[in-house]
Structures are given as structure tokens and as C-alpha cells.
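Work through the exercises below with the structure in view. Try each task before reading its solution.

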Amino acid sequence: MISVFLVPAGFSQWMDGRLEVQVLDPSGRGVPASIELASRSPEFVATAVADPEGNTVIRRVPPGVYRLAVRHPGFEAFERQVEFRSAVPQSIKVILKVAPVTEEITVSASSPLFEPLQPSVPMRAGRQSLDWTLGTTLGRSTADVVTTMPGWLLEANAVLHPRGSEYDTQYVIDGMPLYDNRSIAFAPPFENTEFEAVNVFTAGIPAEYGRRLGGVIALDTRRTDMEGHHFTANLQGGSYLSRGAALSHQYARNRTEVSLGVFGGSTDRYLDPPSIENFTNRGHSKGANLRFARDLGSRDRLTVYARRNQTAFLVPNDLVQQQAGQRQDRKSTESAGQIQYQSAFSSRSLVSIRGMLRDLTSELWSNTLSTPVYVLQDRGFREGALTGDLTFDEELHTLKIGGDLRLSGIRERFLSAESDELPSYDIDFRDRKKSTDASLFIQDHIRAGNFAASLGVRFDHYSLLITDRAVSPRLAASYYLPAAALQFYASYDRIFQPPPIENLLLSSAAVGFGLDDVEGSLSVPASRAHFFEVGVRKPFADVMRLEIKHYWRKIRNAIDDDVFLNTGLSFPITFDSAEVEGTEVRLETPRWRGISAVASYSNMLGLTSSPVTGGLFVEGGEAEELRDVIEEFPISQDQRNTVAAMVRFQLHPRVWASASLRYGSGLPVELEDDDDDEEEDEDADEEEEQSQPISQEILENVDFERGRVRPNLSIDLSIGAQVWAKDRREATLQFDIRNVTDRLNVINFSGLFSGTALAPGRQSTIQLRLRF
């Protein structure tokens with residue numbers, strides 16, 4: 001587990017707020033005062049110094065309730081509460097009173113633990129929490145942060161599953177959604193060094209979000225808040241020959257901000273391997289990002305963000321493949337550019353327009369010794385997106401109206417053959433299709449006394465291999481009891497999710513390949529769902545916060561995946577229905593006498609019902625077996641119990657230590673029925689004894705009677721110190737050990753839907769962070 005502390009964010013989920021402060025003395029002259037804006041909800045601190053006229057601007061503030069503190073020698077300290085409900089800019093005039101002495105202000109002591117008028121509260125890990133993250137192998141730092149939050153399961157190869165969902169995770173970068181599968185096996189990963197904060201929510205989802213709503217991960221890019229040039233460097237090295245470096249430069253002057261970042265890394269354990277020996281698992285990545293922002297006037301702002309990332313790695317072999325001499329290489333490349341224009345045409349209204357162009361390519365190629373088949377693949381897409389919204393921020397409600405248009409060109413090329421039959425191919429497939437997604441939404445956040453509600457409705461239109469549309473209402477409401485410091489809340493989300501695009505063209509066309517193993521196909525339909533949640537939040541003595549929630553999800557055409565023949569490539573299928581129900585409990589202490597702590601427990605039960613309603617039917621595959629059968633069985637992410645805990649000690653103003661653990665009761669195992677052909681099974685057992693592709697140690701971690709992987713447990717330790725500091729320059733050193741007991745944790749066990757995958761053993765990392 002990662003040693004971070006997470007706090008809730010507000011109604012919108014990206015950092016677009018702007019605070020203009022003017023500081024004057026009693027005679028009306030400007031005061032170059034020091035200004036601090038701080039909150040524990042969300043985790044955020046920004047500082048600034050006013051110019052000689054007393055003016056300053058604090059930009060990129062996330063929604064939430066803050067404590068504004070202003071101080072200057074010779075004047076009394078000034079404090080007031082400021083609330084950001086939207087991106088509409090705010091202006092505050094501060095008149096300082098003359099005082100004989102300077103007062104010291106401790107902002108964090110009076111910052112609220114939670115917002116009583118927010119019915120929908122996403123979780124947020126801010127910059128400091130991301131810096132404290134334990135070191136890990138390449139491509140997993142951001143995913144590891146998300147899995148510390150209740151309801152999120154990390155499966156093989158850093159695939160995130162929110163509350164039992166398969167393909168339904170949406171990423172949002174500075175307000176621009178991404179809907180493709182972000183597994184590190186399919187796309188270049190995100191790393192913490194690129195971001196200021198990670199925001200996550202799974203219920204009470206505003207109507208502006210659509211298409212992938214099992215869970216939303218909103219990433220805010222790095223914030224520039226100090227004038228002049230500033231540099232940061234993050235260096236990391238550790239087990240599995242893991243090495244990484246990230247360098248960034250921030251520059252701010254008057255109305256202009258520039259941030260440039262580059263990174264690179266390598267490891268001998270990129271994916272989660274199927275064998276303890278960790279064969280052929282080398283990977284490396286590199287990338288760069290640039291963010292430019294400029295105030296075009298007092299109410300207009302232009303932001304440009306661009307990034308290019310590339311990852312190349314070997315696919316890990318099992319024992320049989322290693323003995324055969326197989327080598328499979330994958331490479332994924334992503335290039336993206338975003339532009340945003342904001343204009344506040346009144347003191348309470350704001351228009352925002354965003355555009356994005358993005359290209360993603362994923363390639364796979366094999367050598368001629370590959371077994372069981374030779375595979376070559378080149379797939380990807382190029383998309384353009386345009387979004388716009390209009391926000392009106394009044395005293396009792398915040399109204400937002402908007403929509404988006406997204407056009408994508410999808411391409412797939414796939415070659416497959418028996419290795420001894422090359423250069424003749426069994427499959428030689430190429431295709432291109434265009435997709436269109438469009439939406440409109442309206443949402444309103446209403447506040448009336450101790451009651452608050454978020455009301456919204458969304459319209460979606462989708463067209464690729466099928467055409468579909470839907471109207472999705474959203475509702476979240478809360479009531480706060482001040483006497484008991486208790487908030488009750490509930491939410492309902494109607495969900496519309498189009499089919500995933502990963503290998504969709506290939507699986508939809510496979511019936512025409514003339515293969516004996518292909519039994520037919522059905523068009524993959526859009527998934528529809530009803531999400532419900534109820535819960536309660538309560539702070540204790542301004543030190544601790546408890547949150548308990550219970551949720552239900554009822555899904556029609558539930559999305560899952562199956563494997564294309566014996567290639568290892570997955571494609572989407574849908575089951576008739578699924579139901580997921582669970583309870584999540586979280587207890588947090590942000591900071592108390594040098595101690596920060598968090599503990600959470602999740603209980604979930606997920607069941608899927610056949611028949612299969614969409615996808616390709618392959619002989620011997622799960623989809624083909626359940627094509628005409630009505631049967632209920634656990635979803636593939638049905639881990640019943642998950643526990644996570646962390647405690648962090650500030651041993652000295654410059655030294656800290658943390659301990660954390662994560663426990664999971666184990667995922668279900670998909671086993672074939674041994675009663676179909678006993679003689680064939682006996683022959684297979686005899687052959688397996690002679691050459692066992694799965695080690696006994698792995699088999700001992702599978703409970704075949706229960707049909708589940710045995711429980712997994714990881715205990716992690718970390719210690720760090722600020723080894724040098726001068727002015728705003730510093731150097732910190734952190735040493736981390738994950739899975740200190742070196743326990744063998746099996747993530748997945750070989751089945752029809754997924755192969756065997758093992759979590760890392762003991763893993764040591766040292767991190768050096770420099771700021772100057």
C-alpha cells in the first residue's frame with residue numbers, strides 16, 4: 001500500500017479556480033503582504049506575495065472550502081473563509097489593521113475536515129501525498145495511489161477496476177476525458193511526477209461525465225505558483241533493476257506560466273508475470289509534457305497542454321514459452337495536445353471551451369519461435385474532441401450547461417499463424433472505422449440551509465458498429481445536522497456506456513475469417529446501469545473523519561472480456577445482466593500531533609447472469625459455452641473483502657516514517673468442468689506431471705475447492721528525511737520496502753478469461769527529490 005493521506009474534493013473535479021486578492025492599509029495604500037490559501041478538504045496550500053500595489057492572483061484552485069490568511073509586519077493578521085464552488089473567478093479586498101506586534105497564524109488548525117454542503121465528495125490525493133508515495137516499478141505510481149481508496153481493485157498489469165467494473169474507468173486530464181483502456185499493457189502509463197493531484201469518485205457523478213462511469217479518475221497537471229524559474233528532480237532506483245528519473249521546470253512571470261517536464265525509466269519487472277522466474281519482463285518508457293498558460297486580460301485565460309509518451313516492453317513468458325524460445329515485443333505511443341480558453345463575462349459567470357487532438361498506437365510482434373501461435377498486431381486510433389460549458393455561480397445554486405463532440409478514426413491490423421506454417425497466415429486482417437460521440441448536459445448544485453443537492457441530466461449519442469442514444473438523469477442530495485456534526489447523503493446515477501474499442505473491429509469481423517473455431521458473433525451492445533449509494537459522514541473533534549457508505553449497481557449488458565482463440569488478445573463481450581452490492585468504511589486522521597492515519601474496509605458481492613448478449617463466440621471459450629445458458633456466477637473482480645491501512649509519524653520536523661498494509665480475500669478462479677471427459681483429463685494430468693507449466697508454489701496459493709485465489713497481503717514500510725533545506729530549496733531522501741515479508745501473492749490464476757499473474761515480491765526503493 002502507499003503511504004498517502006487522501007481528502008475529499010468539491011463539486012467540480014479540476015483545478016480551474018482563480019482568486020484575486022487586493023491588500024490595503026487603512027489609508028488605502030497597497031501592502032505587499034504574504035498570503036496563504038489552505039485547506040484540508042481538499043488537500044491544498046498556495047502561497048503568494050502581493051506586489052507593491054497590494055495585488056496578487058492565486059490560480060488553479062480546486063473546488064472546496066479554504067482558510068485565507070494575510071499577514072505583514074506591523075499589521076494585525078487577517079483570516080477569512082473562502083469557498084470555491086466552480087471555476088468562476090473570485091475577488092477579495094483585504095484592509096489590514098495596524099497592530100503593535102505580528103501575530104502568527106496556523107491555518108491548518110481551523111481548516112474544515114469536510115464540506116457539509118457537498119452531497120457528492122470525490123477523494124483527492126494532493127501534491128504532498130503524491131510526493132510521499134512509496135517507490136514502485138515503472139508505470140504504477142498513479143494506479144497505486146488510486147488503489148488506496150475504497151472500492152478500487154488493482155488486477156494484473158495495473159488494470160483498475162472500480163466497484164467490480166471491467167472496462168469502465170474514465171481518466172480526465174485537466175477537464176478532458178479519456179475513454180480507452182489505460183492498462184500499462186495497452187497504453188503509456190501515467191506517473192505521479194506529471195500531476196499536482198489525483199481525484200477519484202465512484203458515485204454521485206455529475207452529468208458532465210459520461211461513457212465510462214464505473215469510476216472516474218481526474219488528474220490535475222502540475223501547478224506553477226511561484227514567480228521566476230524553479231526546478232524539481234525526482235530520481236528513483238530499486239529492486240528488479242528499476243530506475244527512473246523525472247525533471248521539471250516551472251516558470252511564472254506576471255500573467256504567464258510555463259511548465260516543462262521530461263521523464264524516463266526502465267525495469268526488469270514491467271508486467272505481472274505468469275511465473276515466479278519472471279522471464280522476459282524488461283520494459284522502459286520515456287516522455288515529455290509542456291503546459292503554457294497566459295492571462296489574456298483580467299477575465300480571460302488561455303491554456304495549452306501537450307504530451308508525448310512511449311513505452312516498450314517484452315511480454316513475460318511462462319515456462320513452456322521460455323523453453324521454446326518465444327519473444328514477444330509490445331510498444332505503445334501516445335501523442336496529445338489540449339487547448340482551453342476561459343472567459344468570465346461577469347462576476348458570476350464563466351464560459352470554458354476545450355479542444356483536444358490525440359493519437360494512440362499499440363503494437364505487438366513475435367519471433368518465429370512463439371507458441372502456441374505467431375501474432376503481429378498494429379492497432380490504434382486518432383481522435384479529436386471539442387467540449388464547451390457555461391457556468392453561473394449564484395449564492396444558492398451553481399448552474400452548468402455544456403456538451404461535447406468527439407470524432408475518432410479507429411484502425412486495426414492483425415496477423416496470426418502457426419509458427420511452423422510461416423510465412424502463410426491463418427488470419428490477415430485490416431480494417432478502419434470512424435466513430436462519433438456527442439453529448440449535452442445540464443446540472444445544478446443547490447444549497448438551502450443545511451440541505452444540498454446536485455441535479456443533472458445528460459443526453460448521449462454514439463455511433464460506431466452500432467448506433468445508440470440515451471438520456472441519463474443524475475441526482476445527489478445531502479442533509480447536515482450541525483448539532484451532531486453529521487451528514488447524511490444519497491445518490492442515483494443512470495449510466496450509458498458504449499462498447500469498448502479494444503480489438504472490437506477484429507472480433508466483430510472474425511466470423512468472416514472461415515475459421516473452424518469461430519462459432520458466430522453478436523454485435524456488442526451499449527451497457528446501461530442504475531447506480532445507487534447512501535452514506536453518512538462525521539468528523540470527530542476536528543481530528544478524525546468517519547465515512548460509511550453502501551451501494552448497489554444494477555447493470556444491463558454487463559461488459560466483460562474473452563480471449564481471441566489462443567492469441568492472448570482480449571476482446572469485449574457482454575452478459576445479460578450483473579448486480580454489484582457493497583459497503584465501504586473509511587476512518588481518517590489528517591494530521592494530529594505529528595500523526596496521520598487512514599484505514600478502510602470494503603466488502604463487495606458481484607454476480608453476473610448469462611446468456612452472453614454480445615461478442616464473438618469461439619469454440620471452447622467462455623462466451624460460447626454461455627451463449628444459450630442462463631446461469632449466475634461471480635464477476636471476475638468479485639473480491640469479497642479488502643482492507644487497507646496506513647499510519648505516518650512525523651518523528652522530527654525533517655524526518656518521517658510510515659507503515660501500511662493491504663489485504664485482499666482473493667479473486668474467483670475460472671475452472672473447467674472435470675466431469676466432461678474423465679479419460680482426457682487423466683491423460684492431461686499425466687502429461688502435466690511430466691512438464692508442469694505452473695509451479696507448485698503457485699498452485700498452493702489457489703483454493704480449488706472454493707474456486708478462488710487464496711488471500712493476499714502486503715506490508716510496506718517507509719522512512720524519509722529532508723536532508724538539506726535553504727530558503728525554498730530542499731533535498732529529501734526516502735527509503736521504501738514493499739511486501740516486507742516477501743509473500744507470494746497470486747493476482748489471477750490461469751483460466752478461460754485471464755492468465756496467471758503474480759504480484760511483486762519484496763521490493764526496495766530509494767528516492768531522491770530535489771527542489772531549487
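A strand here is a DSSP run of E of at least two residues, and strands are numbered from the N terminus. The model is a predicted one.

**Exercise 1.** Find which strand holds I719, and decide how far I719 is exposed.

Solution.
- Step 1: I719 is located in strand β39.
- Step 2: Buried means under 20% relative accessible area, exposed means over 50%, and partly exposed lies in between.
- Step 3: I719 has a relative accessible area of 43%, so I719 is partly exposed.
- Step 4: I719 also belongs to a nonpolar surface patch of about 730 Å², together with F649, L651, V723, W724, L733, F735 and I766.
- Step 5: At least two residues of the patch come from each of β35 (641–652), β39 (712–726) and β40 (729–738). With three residues, β39 gives the most.

**Exercise 2.** Describe the surroundings of L260.

Solution.
- Step 1: L260 sits in strand β18, residues 256–267.
- Step 2: The relative accessible area of L260 is 40%, which means that L260 is partly exposed.
- Step 3: Leaving out residues up to four places away in sequence, L260 touches L247, S248, H249, N289 and L290.
- Step 4: L465 is 205 residues from L260 in sequence, and their C-alpha atoms are 40 Å apart.

**Exercise 3.** Trace how β26, β27 and β28 are connected and paired.

Solution.
- Step 1: Strand β26 (residues 451–463) pairs with strand β27 (residues 467–481) in the antiparallel sense, over 13 bridges. In this pair, L455 stands opposite L475 in β27.
- Step 2: Three residues make the hairpin connection from β26 to β27.
- Step 3: β27 also pairs with strand β28 (residues 486–497), in the antiparallel sense and over eight bridges. Here Y479 stands opposite F488 in β28.
- Step 4: Four residues lie between β27 and β28 in their hairpin, and A485 in the turn has a positive phi of about 50°.

**Exercise 4.** State how many residues the largest nonpolar core has, and which elements supply it.

Solution.
- Step 1: The largest nonpolar core has 35 residues, and F414, F564, V612 and L616 have the most contacts inside it.
- Step 2: Elements that each supply at least two residues of this core include β22 (349–366), β24 (397–417), α4 (504–509) and β33 (595–618). β33 provides the largest share, four residues.
- Step 3: Another core, of 29 residues, lies apart from it; M123, Y171, V198 and A385 are among its residues.
- Step 4: In soluble globular proteins, nonpolar side chains tend to be buried together.

Definitions and conventions:
Residues are numbered from 1 along each chain as its sequence is written. This is a predicted model: local features need pLDDT of at least 70, side-chain atom pairs count only at pLDDT 80 or more; totals for chains, interfaces and linings use all residues. Side-chain values use heavy atoms; hydrogens and water are left out. Patches are made of residues with over 30% relative accessible area and no salt bridge: like charges are joined within 9 Å, nonpolar side chains (Val, Leu, Ile, Met, Phe, Trp, Tyr) within 5 Å. Accessible areas come from the Shrake-Rupley method with a 1.4 Å probe; for residues, only the protein chains shown count as cover. A salt bridge is a side-chain nitrogen of Lys or Arg within 4 Å of a carboxyl oxygen of Asp or Glu. Buried means under 20% relative accessible area, exposed over 50%, partly exposed in between (1.4 Å probe, protein chains only). A nonpolar core is a set of buried Ala, Val, Leu, Ile, Met, Phe, Trp, Tyr and Cys residues joined through side-chain atoms within 4.5 Å. Contact means heavy atoms within 4.5 Å. Two strands pair if DSSP finds at least two bridges between them.
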